[in-house]
Amino acid sequence: MIRTSSLTRRTLLKTAGAMPLALAAPSVLRAAGDPLKVGVYGGYFQDSFDSFVYPEFTKATGIEIESIAVPTGEAWLIQLQQAARAKRAPADVSMMATVSIMRGMRTGLWATLDEAAMPNVSNILPTLQNRYENGGLAAVGAVSWYITVATNTDTFPEPIGSWAELWDPKYQDSLGLLALVSNSYLLEITAKTFFGGTEYLSSDESILEVLAKVAELKPNTRLWYRDEAQFEQALKSGEIPIGQYYHDVTGLAAADGFPVRSNFPKEGGLRESGNWAVAGVSDKIDQAQVFIDYMSQPSVQAMLARNLGTAPNVARESMDLTDEEFAAVSSEIEPVVPRYDLHFERTDWLNQIWAEMLQA
Amino acid sequence: MIQSRPRTPLGYLPILLPAFALFAFYVVPFGSMVGMSFFHNLGGGAYEEVFTLENYARLFSPFFLSVLATSFEVAFLVALFAIVVGFPFTYLLVNARRGTQVFWLIVMLSVLSLSEAIIGFAWSTLLSRTAGIGVLFEALGLTEKAQSYAPSLGAVLAGVTYIAMPYAVLLLYPILSRIEPDIEQASRTLGASPLRAFFNVIVPMHRTPIVVSFVMIFVFTLGSYLLPQILGRPTNWTLSVVISDQALLQSNMPFAAALSIFLMTVTILLVLLVTLMNRKGAKA
């Protein structure tokens, strides 16, 4: 949820050329007056969408877009909720972290989407379709990204093959790890690496057991970072030569000539997703559905992978990405998937035991 | 200064605006925070407006007390360093040439214009193994191999003291600039060295301003939350870090409010205690 603006490509301005579009917008939408307000995380992420996603979308559908920078964390959810009470929608469509989607679902914040109006959504992996209890579709996976083991190749020339290596005493005081239980997902990673899978996190006892294993990382960890830039700088300079970091950004830094590498461990990278959801009070639900449908096409997902470096949310076979292009953003290894249910239901408790472990 | 009271009620008009502003922008938000601290949290920024003590019950735990202790430790040490360095510095400054004084005051004021994030990153680079004083020490042969000095408690103290220093100087400058030069001259004619005159005459004379400045810097420093995160290890994270986590990341406003009021209450008690002791000490 801290994830902000690092999804960018130097190829940004090269812009993906014309995209094949099988989308015919009804003329009624074309005629609609106000633009569709779409919110994504501010910074480079928004810049990327502004530069080449929205113009192509408008060209294809005739729907104008007003781009809105969405604050990170939970702040945007709170703003949307307060606006909804006043029957306003500061954005029609928003990209949200999964736990925020779940929080919004509990208060019925999101419109139930009409799947018949969005045939392309069936391309999106079923696990990335968030549904209300009655089966109604509340949100659709927008883009995904991986957290992997990043290393400075000057210090550690050999690839890192497993998350378990982070526990190796030879890395004493040399790791950088994300500081929060809700953005490091170290409970999930540890459960998959040492306890057979994230299903192990099924009871308080087993969660505490996994937490104790995470605590064994403390002697190896120099920096528990909250801000991406802090670790990125230290990784590039070799100050902190190893740690968990975003696959796409590490790839970018490597392409820029920095001695860094993103290693997909054999247990899989941690895969996190942003989702499109539509405010229930929006009066542009039809246009919003056209937008989500457009974004769910394999060709658009492939274009995002090439230009933003995000991991596609559709089946590999449905896209025309080369092996190299695919490897740059994703991996065939089964990913570690966050236990969003746990982060949603046990927020306070998880954060409390995490803080006590970390600050003890 | 005008001493007489206004003769008509209309004469009180000029103070209405500040009084209203004080009420609207200070009393109301603070009151809503106090109220919030007794609400029941529902998660995701939502809360129920029912009276509950659960937020206060939760904060009286060994964990939060130890974080509070960390906050006080950092604030105490920073206030101490700021005064120990700031007092002699300011004393030298008020006795310096006018131009020198202006130069240093401008430098001090400029520090206040810097963003805490910039200061944090600057210090972390300065204390790093690859680009900072680690390299320098290695080149000078002081250490065998370049070391990193951040993150650590020392790094946090260095960063926060850097921010607190200008406040120390600005608090002490007006007071020290009123010292009569005769006092030091008198002690010198009685045979005291400048150093002795400083420690035996000047410092005791300014006992009260020193304590007051110390307390003000202490309270000011208690609120720092960014530098402990950038320059410290988790054990150096202060209560302010926990409060910002609760408010910004977990959207648990009632608990964040309760923590804030807890921190504030303990601080007020501590300040009262120090003031009381200072008064007693002054009388004795």
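These are legends for a set of close-up views of a predicted model.

**View 1. The largest cavity, with a lining from chains A and B.**
The model holds four cavities of 30 Å³ or more, and this view goes to the largest cavity, with a volume of about 160 Å³. Of the 16 residues that line the largest cavity, the ones closest to its centre are Asn351(A), Ala355(A), Gln359(A), Asp245(B) and Gln250(B). Three helices each put in at least two lining residues: α14 (347-359) of chain A, plus α3 (62-94) and α12 (239-249) of chain B. Helix α14(A) gives the largest share, six residues. Sorted by class, the lining comes out as nine nonpolar, five polar and two charged residues.

**View 2. A salt bridge between the chains, Arg58(B) to Asp348(A).**
Here the side chains of Arg58(B) and Asp348(A) meet, at 3.9 Å from N to O. Arg58(B) sits in helix α2 (residues 54-59) of chain B and Asp348(A) in helix α14 of chain A, so this pair joins two chains. How covered are the partners? Arg58(B) is partly exposed, with a relative accessible area of 23%, and Asp348(A) is partly exposed too, with 26%.

**View 3. A salt-bridge network with Arg222(A) and Glu239(A) among its members.**
Start with the pair itself: Glu239(A) forms a salt bridge with Arg222(A), and their closest N and O atoms are 3.6 Å apart. Glu239(A) is in the loop between α8 (228-237) and β8 (242-246) of chain A, while Arg222(A) is in strand β7 (residues 221-225) of chain A, so the pair ties together parts that are 17 residues apart in sequence. Glu239(A) and Arg222(A) are both buried. Now widen the view: Asp173(A) and Arg233(B) are linked with these two in a network of salt bridges. For the wider picture, a search over all chains finds 16 salt bridges in the whole structure.

**View 4. A salt bridge within one helix, Lys59(A) to Glu56(A).**
The closest N and O atoms of Lys59(A) and Glu56(A) are 3.5 Å apart. Both residues belong to helix α2 (residues 44-61) of chain A and are three residues apart, about one turn of the helix. Why does that spacing suit a pair? An α-helix has 3.6 residues a turn, so residues three or four places apart point the same way. Side chains of opposite charge can pair when their charged atoms come close. The partners differ in cover: Lys59(A) counts as exposed, at 64% relative accessibility, but Glu56(A) counts as buried, at 12%.

**View 5. Helix α6 of chain A, mostly covered.**
Helix α6(A) runs over residues 186-194, and seven of its nine residues are buried. The buried ones are Leu186(A), Leu187(A), Glu188(A), Ile189(A), Thr190(A), Ala191(A) and Thr193(A). Look also at Tyr185(A), in the loop between α5 (181-184) and α6 of chain A. Tyr185(A) has a phi near 50°, a positive value in a residue other than glycine. With a relative accessible area of 2%, Tyr185(A) is buried. Just after the helix, Gly196(A) takes a positive phi of about 85°.

**View 6. Two backbone spots in chain B loops.**
In the loop between α6 (133-139) and α7 of chain B you'll find Pro151(B), and the peptide bond leading to Pro151(B) from Ala150(B) is cis, with omega near 0°. The other spot is Ser251(B), in the loop between α12 and α13 (253-283) of chain B. Ser251(B) isn't a glycine, yet has a positive phi of about 50°. Is Ser251(B) buried or exposed? At 1% relative accessibility, Ser251(B) counts as buried.

**View 7. A nonpolar surface patch on chain B.**
Leu22(B), Phe23(B), Tyr26(B), Val27(B) and Val28(B) make up this patch of about 510 Å². Val27(B) belongs to helix α1 (residues 13-36) of chain B and is partly exposed, with a relative accessible area of 40%.

**View 8. Ile163(B), a buried residue in a chain B helix.**
Ile163(B) lies in helix α7 (residues 153-176) of chain B and is buried, with a relative accessible area of 14%. Pick out Leu114(B) as well: Ile163(B) and Leu114(B) are 49 residues apart along the chain, and their C-alpha atoms are separated by 9.0 Å.

Methods. Residues numbered from 1 in each chain as written. Chains lettered and ligands numbered in written order. Predicted model: local features only at pLDDT ≥ 70, side-chain atom pairs only at ≥ 80, totals over all residues. Heavy atoms only, no water. 1 Å grid on protein atoms, 1.4 Å probe; cavity = no way out; pocket = protein on both sides within 12 Å on 5 of 7 lines; lining within 4 Å. Points joined across faces, edges and corners; volume = space filled by probe spheres on them. Helix = DSSP H or I, 4+ residues; strand = E, 2+ residues; numbered from the N terminus. Nonpolar A, V, L, I, M, F, W, Y, C, P; charged D, E, K, R; others polar. Patch = residues over 30% accessible without salt bridge, like charges linked within 9 Å, V, L, I, M, F, W, Y side chains within 5 Å. Areas by Shrake-Rupley, 256 points an atom, 1.4 Å probe, with all protein chains shown as cover. Salt bridge = Lys/Arg side-chain N within 4 Å of Asp/Glu carboxyl O. Buried < 20%, exposed > 50% of the residue type's maximum accessible area, 1.4 Å probe, protein only.
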